[in-house]
Amino acid sequence: GRRSGSTVANVMIDILRNRPDYIPGILVLTLAKLAERKTTEARNFMKATAGNSYDLDFGEEQEQLWLLGADSFIAIQKFDNAEDALRKILRENQSCGKAE
């Protein structure tokens, strides 16, 4: 529910204070904000990671963030931005069927 999403978000915010580039934490925080229906806040977290270089340690989580970002851009009809996010994924992982 809303309360559990908020609790998760608070925990992730605490973690990200110490490790602001921690991709799994950003992904969890983004998902928590989406669960709370706070799409603008979620989109801001996704935008913050859009320029990050690919991190092999957290590649799967980064791909999920970029896919969420692409979905978010499609929802607001910013197709060029969505296409850029999908190209990033395919550049790093050519076998990602969701990005094709």
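## A walk through the helices, their loops and a pocket

In this predicted model, Ala35 is found in helix α2, which covers residues 23–35. Ala35 is exposed, with a relative accessible area of 54%, a value that is to be read against the cut-off of over 50% for exposed residues. Although Ala35 and Ser6 are 29 residues apart in sequence, their C-alpha atoms are 9.0 Å apart in space.

Helix α2 also holds Val28, whose relative accessibility of 31% makes this residue count as partly exposed. The C-alpha atoms of Val28 and Val8 are 7.9 Å apart, with the two positions 20 residues apart in sequence numbering. Once residues up to four places away in sequence are set aside, Val28 touches Val8 and Met12.

From helix α2 the account can pass to helix α3, where Ala42 lies. Ala42 counts as buried because its relative accessibility is 0%, and the cut-off for that class is under 20%. The C-alpha atoms of Ala42 and Leu31 are separated by 7.3 Å, the two residues being 11 apart along the chain. Beyond its neighbours within four places in sequence, Ala42 is in contact with Thr30, Lys33 and Leu34.

Two loop residues deserve attention for their backbone geometry. Most residues other than glycine have a negative phi. Arg37, in contrast, has a positive phi of about 65 degrees although it is not a glycine; the place of Arg37 is in the loop between α2 and α3, the latter helix covering residues 39–50. At 68% relative accessibility, Arg37 counts as exposed. Gln77, likewise a residue other than glycine, has a positive phi near 60 degrees, and the place of Gln77 is in the loop between α4 and α5, where α5 covers residues 79–92. Gln77 is exposed, with a relative accessible area of 61%.

The aromatic residues offer another route through the fold. A pair of aromatic rings is described by the distance of the centres and the angle of the planes. A search of the whole structure finds 2 aromatic pairs. One of them, formed by Tyr22 and Phe58, is edge-to-face, with 5.4 Å from centre to centre and 85 degrees between the planes. Because Tyr22 lies in the loop between α1 (2–18) and α2, while Phe58 lies in the loop between α3 and α4, this pair ties together parts that are 36 residues apart in sequence. Tyr22 is partly exposed, its relative accessible area being 22%.

Tyr54 and Trp66 also form an aromatic pair, which is tilted, with 6.2 Å from centre to centre and 40 degrees between the planes. This pair links distant parts of the chain, as Tyr54 is in the loop between α3 and α4 and Trp66 in helix α4, 12 residues apart. The two partners fall into separate accessibility classes: Tyr54, at 22% relative accessibility, counts as partly exposed, whereas Trp66, at 5%, counts as buried.

Helix α4, which covers residues 59–75, also contains Gln62. Gln62 is buried, with a relative accessible area of 1%, and a polar atom of its side chain lies 2.9 Å from the backbone nitrogen of Asp55. Leaving out residues up to four places away in sequence, Gln62 touches Ile23, Asn52, Ser53, Tyr54 and Asp55. Among these contacts is Tyr54, the residue that forms the tilted pair with Trp66.

The last feature to consider is empty space rather than contact. Rolling a probe the size of a water molecule over the atoms shows where empty space is left. The second largest pocket has a volume of about 170 Å³. Of the 13 residues that line this pocket, the closest to its centre are Met46, Ala50, Phe73, Asn81 and Ala85. The elements that give two or more residues to the lining of the second largest pocket are α3, α4 and α5, and the largest share, 5 residues, comes from α4. By class, the lining of this pocket has 6 nonpolar, 3 polar and 4 charged residues. Helix α4 thus appears in several of the features described here: as the site of buried Gln62, as the site of Trp66 in the tilted pair, and as the source of the largest share of the lining of the second largest pocket.

Terms used:
Residues numbered from 1 in each chain as written. Predicted model: local features only at pLDDT ≥ 70, side-chain atom pairs only at ≥ 80, totals over all residues. Heavy atoms only, no water. Helix = DSSP H or I, 4+ residues; strand = E, 2+ residues; numbered from the N terminus. Buried < 20%, exposed > 50% of the residue type's maximum accessible area, 1.4 Å probe, protein only. Polar contact = N/O pair within 3.5 Å; in protein donor to acceptor, adjacent residues only side chain to side chain. Contact = heavy atoms within 4.5 Å. Phe/Tyr/Trp six-rings, centres within 6.5 Å; stacked < 30°, edge-to-face > 60°. 1 Å grid on protein atoms, 1.4 Å probe; cavity = no way out; pocket = protein on both sides within 12 Å on 5 of 7 lines; lining within 4 Å. Points joined across faces, edges and corners; volume = space filled by probe spheres on them. Nonpolar A, V, L, I, M, F, W, Y, C, P; charged D, E, K, R; others polar.
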